[in-house]
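Hi everyone, thanks for making time this morning. I'd like to talk about pockets today, so please have a look at the model on the screen.

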Amino acid sequence: MAMSRSLLRSDRSASLLWRRKLADRMATGLSWLAMLIVVCVLGSILWTLFKNGLAGLSVNLFTHSMAAPGQNGGLANAIMGSILQTGLAILLGTPAGLLTGIYLAEYGANSVLARTVRFVSDMLLSAPSILIGLFIYMVLVAPLGHFSGYAGSLALAILAMPIVVRTTEDMLYLVPVAMREAGIALGAPKWRVILFICLRAARGGILTGVLLAVARVAGETAPLLFTSLGNSEWSVDMDRPMASLPVAIYQYAGSAYQDWMQQAWTGALLVTLGVLVVNIVVRVGTRGGRT
């Protein structure tokens with residue numbers, strides 16, 4: 001009788017072990033399949049961009065401003081406009097998003113104000129970018145009477161900020177409570193614990209959020225159509241209409257001129273490579289900083 005019970009238990013254990021191994025292999029297989037699909041899609045996009053955009057890469061592209069069809073123009077002013085507007089947007093949106101995320105994770109908890117801020121942040125995160133552009137147009141462009149790079153940067157900053165808020169809050173939640181308690185036990189005030197312990201521990205995740213924000217705003221077109229508009233001439237004056245790569249791509253891609261269409265593909269390649277280079281440089285730099 002005891003032997004039969006032992007055999008029954010052994011059979012059940014073997015069956016359970018087999019089911020667990022099967023579930024593990026299925027989950028692993030699905031994970032690999034999902035990864036392969038993502039890699040194939042990304043590879044297809046990159047291949048298309050390289051195939052159609054490499055032919056337009058030349059010194060002239062980086063040294064000449066936008067020009068009429070057949071005039072051998074370049075994208076120098078659009079490249080500089082994108083760098084200036086995206087850079088200013090990140091400089092404006094990152095500190096605001098970082099401080100808001102710190103408040104939500106460390107001070108706000110489930111207060112009414114914190115819940116309201118989270119709701120507004122989530123709404124901005126899912127809001128169509130064209131609505132942000134129209135908002136900035138109504139509150140800044142129309143009252144001042146002219147388009148400007150500052151207005152474009154502000155619209156992009158509003159798009160970047162909720163991404164930084166969400167990632168900062170989530171990453172700070174992942175920092176173990178024991179690390180906070182250890183800092184407080186040593187006599188450090190809360191702000192020092194947050195600054196020198198929590199933020200350092202969550203640095204990688206927060207940086208990922210900033211990079212996601214850069215990737216999001218670097219290719220935005222709709223907000224810039226209502227704020228910085230565009231400029232075919234070279235200009236680094238942020239108080240004037242300013243060119244940008246996304247707007248140039250939008251204008252050139254829909255044209256019937258072969259040289260403009262080629263520059264549209266090359267501009268799309270430059271935007272993609274710019275985001276990839278920023279990601280790689282920051283990743284390598286932070287990894288070297290840890291070691």
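Let me start with a question: which element gives the largest share of the lining of the second largest pocket? It is H12, with four residues. Please keep in mind that this is a predicted model.

Let's stay with that pocket for a moment. The second largest pocket holds about 180 Å³ of space. Its lining is made of 15 residues, and those nearest the centre are Asn60, Asn72, Gly73, Asp259 and Gln263. Besides H12, helix H2 (59–63) also gives two or more residues to this lining. As for chemistry, the lining of the second largest pocket splits into eight polar residues, six nonpolar and one charged.

Now over to the largest pocket. Here the volume is about 360 Å³. Again 15 residues form the lining, and if you want to find the centre on your screen, look for Ser82, Ile83, Thr86, Ala218 and Gly274, which are the closest to it. Three helices each give two or more residues to this lining: H3 (76–108), H9 (203–218) and H12 (258–290). Which of them gives the largest share of the lining? That would be H3, with six residues.

And what about the chemistry of this one? In the lining of the largest pocket there are eleven nonpolar residues, four polar ones and no charged ones.

One last thing to take back to the bench: H12 gives two or more residues to the lining of the largest pocket, and H12 also does so for the second largest pocket. Thanks for listening!

Notes
Residues are numbered from 1 along each chain as its sequence is written. This is a predicted model: local features need pLDDT of at least 70, side-chain atom pairs count only at pLDDT 80 or more; totals for chains, interfaces and linings use all residues. Side-chain values use heavy atoms; hydrogens and water are left out. On a 1 Å grid over the protein atoms alone, a cavity is a set of points where a 1.4 Å probe fits but cannot get out, and a pocket is an open set with protein on both sides within 12 Å along at least five of seven lines; lining residues have an atom within 4 Å of a point. Grid points are joined across faces, edges and corners, and a volume is the space filled by probe spheres set on the points. Ala, Val, Leu, Ile, Met, Phe, Trp, Tyr, Cys and Pro count as nonpolar, Asp, Glu, Lys and Arg as charged, and the others, Gly among them, as polar.
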